[in-house]
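Hello,

Here is the structure I promised to pass on. My notes follow below it.

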Amino acid sequence: MKNYGKAWVVLIVILVVVLLAGLVIFKWYISGYNRAVSLEQAVEQAQADIESNLQRRMDLVPQLVETVKGYAAYEKGLFENIAKSREKYFQAGTTAGKLEANNELGGFLSRLLMLQEKYPDLKANESFRDLQNQLEGTENRINVARIRYNDAAKQLNTYNREFFGSFFCKRAGVEQVEYFEATEKAKTEVPKVEF
Amino acid sequence: MQRLLNNNFIPLLVILAGTLNVYAATNLPMPSHYVEDYADVINEADERSLNGILQELEQKTGAQYIVLTVETTGGLPIEQFSIELAEKWKLGQKGKDNGMLFVLAKNDRRWRFEVGYGLEGFVTDQYCGRVGREVLVPYLKKGDYSQGIYRANLQIVQKIASEAGVTLAGMPSQKSVPDRPAGKWTPCCSALPILFIMLLLFGGLGGGMGWWFLLPFMMGGFGGHGGYGRSGSFGGGSFGGSFGGFGGGLGGRFGGGGASGGW
């Protein structure tokens, strides 16, 4: 009888321990899974941020071109190239493709902005300078968004390569993401363009 | 997936190495005053006045505005230098993101306005650019850094204050930089200035009343009594310290808005 009672106590203790362990494992599982999901969400948000800034930049370009056209009508080749790489942006399906088109456009745009050295009237034009500020602003935002994206992507990819992290990522259907490289040179560097 | 990894491994290392370097470069401490003149280009009177106005701005609108001068950014583009500091210091209130950072790098001959997310709507890139080239740069070219920094930043301060509908007692009267392209005035927009004036009028009235209400709070700054129970709108009793002291960033975020230039 005495032994019987002891066995009960042992059994209950074991049960409680198993239950507690189960609870801990359950919590651990949930938090690991949630981490995978939230990391992926951070990456997606950062990507959306890049895209909205890219879009804003693309919207500014036609205004800028129109303004410059008034002063430098016969720089046709440059206007055509800008239109073409803008087209390329709208055809690109991925963020990486859009960024690439944006970088190409950036080269032509800096040449467009350099025209102010050739046409002093353009340089004195208020709306040209305002547009230039806005354009530089969006370019800077794109750059900031890109760096933040890479940070978020790094966290996700690191987690995805960890022993348990990869398990949770698989469960949550979260995959490795690609990085967006910086292609444009430092902002202070003035591009040298031959006319 | 394996292919993706292989393709991206080397560039990834390059990116990471770049980021690490960069973060080590900006190790300035959290400002203890609204004006941190490391390059020593602002004269004492301007510094004191600007400091007081920026403190009043934070007390009345919650916006945290830091004016910083340095000798050099240490080879970093000023855009990168300023966003890293703004992020590190978390200027502005959490959720409101109403932080501002002005940086002038004396030897690099570069300046920048860094605008928090919450202020981007009215302190636009375009506006910052205008203030930069119409107010700041002419003074910088004459070598009068002190007045340039003082007047240019007051333009932005005024913008933030009037948007919030408050009047700053310490603000000297000045001609403000127009915010819209003069050439593009269409009839449909003629209602806007009237609306704006009305807003200003009503905003000004509200601000006038608010000022009296704030009087005990402002005077308290001298005595070092923290937290007057209005902590909700001031982001905690962080103003208990000495007059003109900056209590630290409150979690504001930045997205790279603003403008920069050289002289």
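This is a predicted model. I looked at one stretch of chain B, and I start with a strand pairing.

Strand β1 (residues 35–37) of chain B runs parallel to β2(B), and three bridges join the two. One pair to look up: E36(B) is bridged to L68(B) of β2(B).

On to β2(B) itself, residues 64–70 of chain B. Seven of its seven residues are buried. In a regular strand, side chains alternate between the two faces of the sheet. Here Q64(B), I66(B), L68(B) and V70(B) point one way. Y65(B), V67(B) and T69(B) point the other way. Both sets are buried.

β2(B) has a second partner, strand β3 (residues 99–105) of chain B. That pairing is also parallel, over seven bridges. Within it, Y65(B) has M100(B) of β3(B) as its bridge partner. Between these two strands the chain passes through helix α3 (residues 78–89) of chain B, and the β-α-β crossover is right-handed.

Now the helix ahead of β2(B). Helix α2 of chain B covers residues 44–61. How far apart are its end C-alpha atoms? They are 25 Å apart. At 1.5 Å a residue, its 18 residues should span 26 Å, so the two values agree. Many positions of α2(B) are buried, including L50(B), I53(B), L54(B) and L57(B). The buried set also takes in charged residues, among them D46(B), E47(B), E56(B), E58(B) and K60(B). After α2(B) comes G62(B), with a positive phi near 85°.

Best wishes

Definitions and conventions. Residues are numbered from 1 along each chain as its sequence is written. Chains are lettered from A and ligands numbered from 1 in the order in which they are written. This is a predicted model: local features need pLDDT of at least 70, side-chain atom pairs count only at pLDDT 80 or more; totals for chains, interfaces and linings use all residues. Helices (H or I, at least four residues) and strands (E, at least two) are DSSP runs, numbered from the N terminus. The expected span of a helix is 1.5 Å times one less than its number of residues. A residue is buried if 20 or more other C-beta atoms lie within 10 Å of its own, exposed if 12 or fewer, and partly exposed in between; C-beta atoms are placed from the backbone. Two strands pair if DSSP finds at least two bridges between them. A crossover is right-handed if, with the strands pointing away from the viewer, the path from the first strand over the helix to the second runs clockwise.
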